[in-house]
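This report describes a single protein chain, going from its overall make-up to selected helices, salt bridges and surface residues. The sequence and structure come first.

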Amino acid sequence: MSPTIYDIARVANVSKSTVSRVLNNQTNISPEARERVLKAIAELNFQPNKLARALTSSGFDAIMVISTRSTKTTAGNPFFSEVLHAITARAEHEGFDVILQTSKNSQEDLQKCINKIKQKMIKGIIMLSSPTDESFFKELDSYAIPVVVIGKVEGDFQHVFSVDTDNYQDSIALTNTLINNGHRHIACLHAPLDYHVSVDRLAGFKDCLNGHDIAIPKAWIVDGGYTNESALKAAEKLLSGKKLPTAIFATDSLKLMSLYRIAHEKGIAIPQQLSVVGYSNDMLSFLLSPPPGGIEVPTQELGTAGSALLFDKIAGKPVPSRTIVATTLALTGSIN
């Protein structure tokens, strides 16, 4: 049977609370008592139980990572896996465990978060998505635990911090690229407007067109959903009309891939017959031909910056409420 703190207390001739203070590196203990406890720990080959330590100290050295989206809507999306890799690398460096949480809906997500906060199982949270309904943030803010959101946060919170790119301005830049190349018949394949990122990217596209007095059919602005199937159906819809756009703006990598596939199936040449821009990454640039032009989403940098901010906050350092990560505009062969 493994020794307990009661055994240590008996061998060291101290109280159980004194043993607990030594295990938790507290200072309110005499050097002599500390020495006896450490000697007893060595003699008994005692291995502290992590749960017991958490219940008598400040909690586990762990953070929680949540997407606020179901696994069905994130499957196949490289953004989440790449950001998560950067976060886990930093957590490992800090000696923290990572709890990856998935749920059926945001209410279940919230309840799981609250339960872990109350049980002192986590010291911080990173959210991989930023929903437009910020009641989630408001509820978590009341528990005074640092929450870093990879995305936009509009509300005024004390313990919720944002790390994001400027999706609105990036979308204006992308649309301007098409217009400057002579396009006036431009469509948009976008994600559902439940998250700030989707709202800002579509708003940038629309505002840029309005600024150039360019009107397009409503049917050319299509919601491509979250899944491979819904994105393919949306791309099929866009490229099956009697009058086709000469260019399409895709708001995420899933939409880009669906456009390339449907264009190929219909014999529509990119960029000779259709220019395509969107939000891409290194992997898509490697796989798709010609490489898609657009914004290279700095997924690694977002994960690195978000986790660095969280651990700075856990350590008690001052951090900005909002951090903007720079992007780059890549003009490639998919634009004509």
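The sections below take up the whole chain, then individual elements and residues.

## Basis of the description

The model is predicted: local features need pLDDT of at least 70, side-chain atom pairs count only at pLDDT 80 or more, and totals for chains, interfaces and linings use all residues. Residues are numbered from 1 along each chain as its sequence is written, and side-chain values use heavy atoms, with hydrogens and water left out.

## The chain as a whole

The protein chain contains 14 helices and twelve strands. Helices (H or I, at least four residues) and strands (E, at least two) are DSSP runs, numbered from the N terminus. Of its 336 residues, 49% count as buried. Buried means under 20% relative accessible area, exposed means over 50%, and partly exposed lies in between (1.4 Å probe, protein chains only).

About 16,400 Å² of the protein chain is exposed, and carbon and sulfur atoms supply 51% of that area. Accessible areas come from the Shrake-Rupley method with a 1.4 Å probe; for residues, only the protein chains shown count as cover. Among contacts (heavy atoms within 4.5 Å) with a separation of 6 or more, residues 24 or more positions apart account for 67%.

## Helix H12

Helix H12 covers residues 253-265. The expected span of a helix is 1.5 Å times one less than its number of residues. For the 13 residues of H12 this gives 18 Å, and the end C-alpha atoms are 19 Å apart, which agrees. Buried residues in H12 include Leu 254, Leu 256, Leu 259, Tyr 260 and Ile 262. At the start of H12, a side-chain oxygen of Asp 252 comes within 3.0 Å of the backbone nitrogen of Leu 254. After the helix comes Gly 267, with a positive phi near 70°.

Ser 258 is located in helix H12 and is buried, with a relative accessible area of 3%. A polar atom of the Ser 258 side chain lies 3.4 Å from the backbone oxygen of Ala 231. This is a polar contact: a pair of N or O atoms within 3.5 Å, where within protein one must be able to donate a hydrogen and the other to accept it, and residues adjacent in sequence count only if both atoms are side-chain atoms. Leaving aside residues up to four places away in sequence, Ser 258 touches Leu 189, Ala 231, Leu 232 and Ala 235.

## Salt bridges

The structure has eight salt bridges. A salt bridge is a side-chain nitrogen of Lys or Arg within 4 Å of a carboxyl oxygen of Asp or Glu. One of the eight joins Asp 200 and Lys 152, at 3.4 Å from N to O. Asp 200 is in helix H10 (residues 196-211), while Lys 152 is in the loop between strands E4 (147-150) and E5 (160-164), 48 residues apart. Both Asp 200 and Lys 152 are buried.

Lys 266 pairs with Glu 236 in another salt bridge, with the closest N and O atoms 3.1 Å apart. Lys 266 lies in the loop between H12 and strand E9 (275-280) and Glu 236 in helix H11 (residues 228-238), so the pair ties together parts that are 30 residues apart in sequence. Lys 266 counts as partly exposed at 34% relative accessibility, and Glu 236 also counts as partly exposed, at 32%.

Asp 252 forms a salt bridge with Lys 255, where the closest N and O atoms are 2.8 Å apart. Asp 252 is buried at 15% relative accessible area, and Lys 255 is buried at 1%. Salt bridges that share partners join Lys 152, Glu 154 and Asp 200 into one network.

## The loop residue His 159

His 159 is in the loop between E4 and E5. With a relative accessible area of 23%, His 159 is partly exposed. The C-alpha atoms of His 159 and Pro 146 are 5.1 Å apart, with their positions 13 residues apart in sequence counted as separation. Not counting residues up to four places away in sequence, His 159 touches Asp 141, Ala 144, Ile 145, Pro 146 and Val 147.

## Helix H14

Helix H14 (residues 299-314) has 16 residues and should span 22 Å; its end C-alpha atoms are 23 Å apart, which agrees. Among its buried residues are Leu 302, Gly 303, Leu 309, Leu 310 and Phe 311. Gly 316 follows H14 and has a positive phi, near 85°.
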